[in-house]
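Got your viewer open? Let's take a short walk through the backbone, one selection at a time.

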There are 2 protein chains.
Amino acid sequence: MKTKTISSHNNRSMSEQYRHIVERQLASLQYPSSPEELYDPISYILGLGGKRIRPVICLMAAELFGAEIESEEINSVAIALEIFHNFSLVHDDIMDEAPLRRGQETVHTKWNRDIAILSGDVMLVQAYDSILASKNKNLEALLLQFNDSAKKVCEGQQFDMNFENLSKVSIEEYIHMISLKTAELIACSLKMGAIAANASASDADLLYEFGLNLGLSFQIQDDYLDAFGETDKVGKQLGGDIIANKKTYLMLKTLELANEKQKADLERSLNYNDEQKVISIIEIFEEVGIKEHTSDLIQEYYEKSIKSLDQVKVDDARKAGLKQLAAYLMQRDH
Amino acid sequence: MKTKTISSHNNRSMSEQYRHIVERQLASLQYPSSPEELYDPISYILGLGGKRIRPVICLMAAELFGAEIESEEINSVAIALEIFHNFSLVHDDIMDEAPLRRGQETVHTKWNRDIAILSGDVMLVQAYDSILASKNKNLEALLLQFNDSAKKVCEGQQFDMNFENLSKVSIEEYIHMISLKTAELIACSLKMGAIAANASASDADLLYEFGLNLGLSFQIQDDYLDAFGETDKVGKQLGGDIIANKKTYLMLKTLELANEKQKADLERSLNYNDEQKVISIIEIFEEVGIKEHTSDLIQEYYEKSIKSLDQVKVDDARKAGLKQLAAYLMQRDH
């Protein structure tokens, strides 16, 4: 399973003000001029854009508790999460042998493997630089959370690679993997925003839970859209996960629900050409009722996430932005 | 140029007490049991041994200023440097496609490339974990120094890789490269020990200078021994750098000193078989007087390093350990 970068489809207005702060901060990052092979890939990958979801939700979480999000104390923490995310993309892309990232050449394709390893390493160090540069008074708590999440993201990537070589993966194992690989950094971004803004430990933990469940909901929706999305909204070919034999929730749950005939059909479909394979497997998905099962699970995690946000001890009015963003990510606003 | 791990030849008594603390601390590190593909390589590489020079000199620097080196506050900082060093070895070995490290399989050989990338990443995070675990009151200063040096070590590796593809490298560029790739972490280890022990900024800087020049002296000596060492002391085949066409100080200085005939001889030697090539090139090295030039340079950096140590504002008696260790590293005590 290759988890995906959270990316939008069209609506861009919602979190514009936060993204603006993030872009300005990213643009202000300065790099040594030499060795250029080490630093050019960093400005390249950070310049490829994307929704900047992690720093944006970090800023939004901090604002929830009244922090001045234009201050270095907050936005340097937010930027660290974007730098870390891009570090993980650069290294993951080597492992996945991915030629493209956001429609552009990946670092190891544009330069080479060694440069991708080494510039990724420097980005990880830069993420710590950025946290330090915040001079936030909760530095130690921020770093402890960051370290914990950083290791979990690596664990998620390792489990994901392991799954490629396993004939059997349970749904529980899959959920655990995406909770580490995708949801953890969303949760961490929100919690670090809260910590940076002096939130109470219980509020910081609630935001973490909000992010973790939102991240799970989002990733499973991403799996869903791969099979059932509208091509023009998804912005890519349907059935990519199916063609690549990925063990997504849809596939694992279908294997659980399928009768003997459907299992045999599924087995046979693996040998079809790509187009036929996608058609045939989506048909089996539909037969076992995977649409409803998946939608239910997405909804379940989404509701769980909102429940945590609801419990955070600040005025409900202040939570509108995060709720809107969550709804937007789940494409419930368009 | 592949720079080398600082390793001893026989005398082991000198810094035994410090190494004992380091080994005990390393042995106490705990890893999650899963995913084992991520954590097994970490205990494997840290378990391969070595002189533990970086944490040892960190402890010695801290002791210089009266710190209790058995305390978590100090030894967790020291261990971070060993973890970082091993992180860099794991990633460098991928880039160098090295099959062996300390006579055992490298991580990417024993497991695979992707596991080596990812477990290296986790080690870098663990180095920060270890600094945090120290709960040292100078945490911010320690992290700032660590970040700065970490980036420089990566820069050194990048320059080293660049040099492989350059036809012309100046001696100045070579010295700059080894100062980043090898000497920086020695200097950093000493300075972080000083910072952790509340040394004054000027004393911390003097220890940094001591380490930087000692590291340069050591690396150039390592180049020297590759050509002129006694096989049983060096513990490996002579002429490895020559066979691999490495642009060491010896080669660069010889190119500078050689007359037209010697340059032509050098050029011709590149096509000889390994044994003939080593004999022929060492002959040219000797002709141009490289032994004296190199010994002078080693001596120059060594004296510079001792001069910095001499200026540190603590009792000279307290400096005996570091001086002995420096002499030992330079093989001046046996």
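Is B:Asn198 buried, exposed or partly exposed? Select B:Asn198 to find out, and keep in mind that you're looking at a predicted model. There are 15 C-beta neighbours inside 10 Å, so B:Asn198 counts as partly exposed; to be called exposed, a residue would need 12 or fewer. You'll find B:Asn198 in the loop that runs between α8 (171–196) and α9 (201–228) of chain B. Check the backbone while you're there: phi of B:Asn198 is near 60°, a positive value in a residue other than glycine.

Next, stay in chain B and jump to B:Glu97. This one sits in the loop between α4 (72–96) and β1 (100–101) of chain B. Again phi is positive in a residue that isn't glycine, with B:Glu97 near 50°. How many C-beta neighbours does B:Glu97 have inside 10 Å? The count is 11, so B:Glu97 counts as exposed.

Now for the prolines. Still in chain B, select B:Ser34 and B:Pro35 together. The peptide bond joining B:Ser34 and B:Pro35 is cis, and omega is about -5°. Zoom out a little and you'll see B:Pro35 in the loop between α1 (16–28) and α2 (36–46) of chain B.

Last stop: hop over to chain A and pick A:Ser34 and A:Pro35. The bond from A:Ser34 to A:Pro35 is a cis peptide bond, with omega near -5°. Here A:Pro35 belongs to the loop between α1 (16–27) and α2 (36–46) of chain A.

Definitions and conventions
Residues numbered from 1 in each chain as written. Chains lettered and ligands numbered in written order. Predicted model: local features only at pLDDT ≥ 70, side-chain atom pairs only at ≥ 80, totals over all residues. Helix = DSSP H or I, 4+ residues; strand = E, 2+ residues; numbered from the N terminus. Buried ≥ 20, exposed ≤ 12 C-beta atoms within 10 Å, placed from the backbone.
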